[in-house]
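Me: I have a chain open in the viewer and would like to go through its fold. Could you take me through it?

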Amino acid sequence: MLRPLLIVGAVGVGGYVIWQLVWAFILPMLAGILGLLWMAVKIGLLVLAAYFVYRMFVKAATPKQEAEG
């Protein structure tokens with residue numbers, strides 16, 4: 001009579017143990033992956049800012065030609 005209840009309890013305890021193990025291994029990996037993605041975003045923004053500054057200097061350095069006529 002208690003056999004189905006023992007099976008449900010065992011599945012619950014097993015699920016809890018697996019949940020704890022998964023989070024113990026997945027959470028640090030997830031944090032590492034998100035950290036790498038954020039670092040890539042920051043590097044991309046720095047490259048974009050450097051390109052923008054370069055284009056501004058090139059635009060300022062070229063002499064403007066006056067319209068003839």
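The exchange below goes through the helix, the overall dimensions, the surface and the aromatic residues.

Me: Before anything else, what kind of model is this?
Reply: It is a predicted model.

Me: How many helices and strands are there in the chain?
Reply: The chain has one helix and zero strands. That helix, H1, covers residues 3-61, which is 59 residues.

Me: And what does H1 reach from its first C-alpha to its last?
Reply: The distance is 85 Å, close to the 87 Å expected at 1.5 Å a residue.

Me: Where does H1 bend?
Reply: H1 bends at Ile26, by about 25 degrees. A proline, Pro28, follows within four residues of Ile26.

Me: Turning to overall dimensions, what is the radius of gyration of the chain?
Reply: The chain has a radius of gyration of 30 Å, whereas a compact globule of 69 residues would have one near 11 Å. Along the principal axes, the C-alpha atoms fill a box of roughly 105 × 25 × 5 Å.

Me: What share of the residues counts as buried?
Reply: Of the 69 residues, 0% count as buried. The chain exposes about 6900 Å², and carbon and sulfur atoms supply 78% of that area.

Me: New topic: how many aromatic pairs turn up in a search of the whole structure?
Reply: The search finds one aromatic pair. Its members are Trp19 and Trp23, whose ring centres are 5.8 Å apart; their planes lie at 65 degrees, so the pair is edge-to-face.

Me: Why are those two separated by about one helical turn?
Reply: Because Trp19 and Trp23 are four residues apart in helix H1.

Me: Which exposure class does each one fall into?
Reply: Trp19 is exposed, with a relative accessible area of 52%. Trp23 counts as partly exposed, at 35% relative accessibility.

Notes: Residues numbered from 1 in each chain as written. Predicted model: local features only at pLDDT ≥ 70, side-chain atom pairs only at ≥ 80, totals over all residues. Heavy atoms only, no water. Expected span 1.5 Å × (residues − 1). Bend = angle between axes of the 7 residues up to and from the residue. Rg over C-alpha atoms; globule rule 2.2 N^0.38 Å. Buried < 20%, exposed > 50% of the residue type's maximum accessible area, 1.4 Å probe, protein only. Areas by Shrake-Rupley, 256 points an atom, 1.4 Å probe, with all protein chains shown as cover. Phe/Tyr/Trp six-rings, centres within 6.5 Å; stacked < 30°, edge-to-face > 60°.
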